[in-house]
Amino acid sequence: MDSQSQQQFQQDDAGQAPLSSLGSMVAQLSQYGSNASNNLQKSFSDLSTQGWLRLIMVVCTYLLIRPHIIKYSTKYAVNKLEEQDVKDKQQAKEAVAKMSPNDMRGLSSVAEDDVDADEGADGSSADWGSKARVRQRKVLRKMLEAEEQRRWEEEDDADIRDLLE
């Protein structure tokens, strides 16, 4: 088929022009909406007395059971969170128990070797304590470098004065 015959094939009996892909999609959605509306209207208009009673029973049962379902699901979620909290606390206690006294005092050789290990820390994760220590180390390092630079300049000035005299 050529394009002209396809266009004639797509035209309705009313003589409407063919729709673009967006237009046909909107027309299809409109058709779905009207079908759903018609089906819903017919289902309620054709209900018998038994159908209405059944519908009322389903709705009332849902309204009566829903608060209980929510209450029990909330209790279940709270219990799960408490169990997870207990596990986390137990793991934290085990981690503290595994620390040696030197680790607690900060005299561990591993800690000294690993001073610059978290240089890339930006303070955005949940491990705020170590991130704050890293930031503090950086500030102290900058202060020490500034002090060394100032002393070096003073010594340079003193050397120049000695040479000039």
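The legends below walk through four views of this predicted model.

Residues are numbered from 1 along each chain as its sequence is written, and side-chain values use heavy atoms, with hydrogens and water left out. Because the model is predicted, local features need pLDDT of at least 70 and side-chain atom pairs count only at pLDDT 80 or more, while totals for chains, interfaces and linings use all residues.

**View 1. The whole chain is built from 6 helices and 0 strands.**
Following the sequence, you will meet the pattern α-α-α-α-α-α. Helices (H or I, at least four residues) and strands (E, at least two) are DSSP runs, numbered from the N terminus. Of the 165 residues, 4% count as buried; here buried means under 20% relative accessible area, exposed means over 50%, and partly exposed lies in between (1.4 Å probe, protein chains only). The accessible surface comes to about 15,000 Å², with 56% of it belonging to carbon and sulfur atoms. Accessible areas come from the Shrake-Rupley method with a 1.4 Å probe, and for residues only the protein chains shown count as cover.

**View 2. A nonpolar surface patch of about 770 Å² is made by L40, F44, W52, L55, I56, V59, Y62 and L63.**
Helices α2 (21-45) and α3 (49-98) each give two or more residues to this patch. The largest share, 6 residues, comes from α3. Take a look at L63: this residue lies in helix α3 and is exposed, with a relative accessible area of 55%. Patch residues have over 30% relative accessible area and no salt bridge; like charges are joined within 9 Å, and nonpolar side chains (Val, Leu, Ile, Met, Phe, Trp, Tyr) within 5 Å.

**View 3. K89 and D85 meet in a salt bridge through their side chains.**
A salt bridge is a side-chain nitrogen of Lys or Arg within 4 Å of a carboxyl oxygen of Asp or Glu, and here the N to O distance is 3.8 Å. The two residues are 4 apart in helix α3, so about one helical turn separates K89 and D85. K89 is exposed at 52% relative accessibility, whereas D85 is partly exposed at 39%. The chain has 4 salt bridges by this rule.

**View 4. E147, R150, R151 and E154 are linked in a network of salt bridges.**
Within this network, R150 pairs with E147 at 2.3 Å, N to O. R151 also forms a salt bridge with E147, their closest N and O atoms being 3.3 Å apart. R150 and E147 sit 3 residues apart in helix α6 (residues 128-164), so they are separated by about one helical turn. R151 and E147 are 4 residues apart in helix α6, again about one turn. Both R150, at 37% relative accessibility, and E147, at 28%, are partly exposed.
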